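The following paragraphs are meant to be read alongside the sequence and the coordinates. They move from one hairpin to the contact between the chains and then to a few backbone details.

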Amino acid sequence: MPKVKIKRKSTVTDMTAMCDVAFLLLTFFILTATARQPEALKVDTPSSTVTMKLPDTDISTLTVGQGKIFFGVVGQDVRMNTLERMGEQYNITFTPEEKKRFGVIESFGVPMASLKQFIALDNSERMKLNQPGIPSDSGANNELKQWILQARYAVKELHNKDLRFSIKGDANEEYPEIRKVIDILQDQNINKFSLITSLEGGDSK
Amino acid sequence: MAELDTSGGGSKKGGKVRSKKMSTRVDLTAMVDLAFLLITFFMLTTTLAKPQAMDMFMPDKNDKNPDQQLDVKASRTMTALLGSNNKVVWYMGVLGDNPPTVDNFGKKGIRESFIDMNKEVVSKTGDPKKGLMVIIKPTDKSNYKNFVDILDELKIAAVPSYGIVNKIEPAEIDMLKKQGAYNDSKVQQ
């Protein structure tokens, strides 16, 4: 009886094409991924079920945590313009070099008086520094109010758009601190803003 | 002649050294594995990096035209006071008319109250547009998480209108104290 021979197929497949595609995609994702700067103030945002994303441009983030307030606005050009305007307000002149350095600082929390030294610091030193937060007490010394106002002017001038504000608060932050920020915004007739939250997972849906 | 024989023995004959033909095939499995792992990583991080945002509106502070203000019947309003220890105390209408209720945040707590009360108000007015109006009053003892939570619950319960009021009457604080929801929040955390 003739035996039927089963042909053995090789299990090795040609992976060249697969490898090509994989690396193409990998390159794409690496290039599109935006490098995230380490945050100056670590906050643990509360979770919610909303899934709306924040816009990428013309937005300012006020980070509130540990009783401190940090200010940040998106866009290098906006930041540089804001700094210039703040310098005019507080009679501090910033060199072009300082403006450029300030342009890459995403979020900060130092009073105007020590801003010059802060800009001069190295990036790694800046991270180590325990920033005291922006003074926001009511009265003449309300620097946060000025920052918000000047940033709004800067965005209006550069992009002819209204600056949006978002509040990024720590979950355990006490409400009076948040109210202070909201009050400052409301004093400038900003009644609409966003609260940054993280996505809620699990049971409560 | 004395020559060093560097070859490993064997093919001494003929003198011609034949280079071995190596296969050009390389096993790409590991490389592909790694590539896909990285792709997955970058894909997930790019979509998750963008923060979620919740829009909120505050009532205008300086009312230039008070005649535009909305009059809402007291029976339709519900005041929710955010207290300490993640508690929320709410009452319908005017303080004192209805007994306050203490709720916690979560599925069985304030959300159910919102949904039930909204249904009740809609059935009373007979107009789905005239639903519950919630007034949120965060006290000094509440934290930011409660504030976000209550806005979230309002959205889930589909409450048609709400407002955030920062002015709290002393009578309301007394009531909160009576309900045990106005302690120093530092202790419980």
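Which residue takes a positive phi in the hairpin of β2(A) and β3(A)? In this predicted model, that residue is A:Q66, whose phi lies near 55 degrees in a hairpin that has two residues between its strands. The two strands flanking the turn, β2(A) and β3(A), are antiparallel and are held in register by six bridges, and one position along this pairing can be picked out by following A:L62 to its bridge partner in β3(A), A:F71.

Strand β3, which covers residues 68-73 of chain A, is mostly covered, with six of its six residues buried. The burial applies to both faces of β3(A), since A:K68, A:F70 and A:G72 are buried on one side, while A:I69, A:F71 and A:V73 are buried on the other. A:F71, the bridge partner of A:L62, thus belongs to a strand covered on both faces.

Two further residues of chain A deserve attention for their backbone angles, and a general expectation helps in reading them. Most residues other than glycine have a negative phi. A:D58, which is not a glycine, has a positive phi of about 50 degrees, and its place is in the loop between β1 (47-48) and β2 (59-65) of chain A. A:D58 counts as partly exposed because it has 19 C-beta neighbours inside 10 Å, whereas a residue is called buried from 20 such neighbours upward. A:N91 likewise is not a glycine and has a positive phi, here of about 55 degrees, and it lies in the loop that links α2 (76-90) to α3 (96-103) in chain A. Because A:N91 has 7 C-beta neighbours inside 10 Å, it counts as exposed.

The view can now shift to the contact between the chains, to which chain A brings 44 residues and chain B brings 41 residues. On the side of chain A that touches chain B, at least two residues each come from α1 (16-32), β4 (164-169), α7 (175-187) and β5 (192-199), and α1(A) gives the most, with 10 residues. By character, the residues on this side of chain A divide into 23 nonpolar, 14 polar and seven charged.

The strand β5(A) also takes part in a pairing that crosses from one chain to the other, for six bridges join β5(A) to β1 of chain B, residues 52-57, and the two run antiparallel. Within this pairing, A:L195 stands opposite B:M54 in β1(B).

Another contributor to the contact, α7(A), can be checked for its length. The helix has 13 residues, so that at 1.5 Å a residue it should span 18 Å, and its end C-alpha atoms are indeed 18 Å apart, which agrees. The buried residues of α7(A) are A:Y175, A:I178, A:V181, A:I182, A:I184 and A:L185. Just after this helix, A:N189 takes a positive phi of about 65 degrees.

Chain B, finally, can be taken as a whole. Its 189 residues include a buried share of 27%, and the chain holds five helices and six strands, which from the N terminus on follow the order α-β-β-β-β-α-β-α-β-α-α. Among the contacts in chain B between residues at least 6 apart in sequence, 66% join residues at least 24 apart.

Key. Residues are numbered from 1 along each chain as its sequence is written. Chains are lettered from A and ligands numbered from 1 in the order in which they are written. This is a predicted model: local features need pLDDT of at least 70, side-chain atom pairs count only at pLDDT 80 or more; totals for chains, interfaces and linings use all residues. Helices (H or I, at least four residues) and strands (E, at least two) are DSSP runs, numbered from the N terminus. A residue is buried if 20 or more other C-beta atoms lie within 10 Å of its own, exposed if 12 or fewer, and partly exposed in between; C-beta atoms are placed from the backbone. Two residues are in contact if their C-beta atoms, placed from the backbone, lie within 7 Å. Ala, Val, Leu, Ile, Met, Phe, Trp, Tyr, Cys and Pro count as nonpolar, Asp, Glu, Lys and Arg as charged, and the others, Gly among them, as polar. Two strands pair if DSSP finds at least two bridges between them. The expected span of a helix is 1.5 Å times one less than its number of residues.
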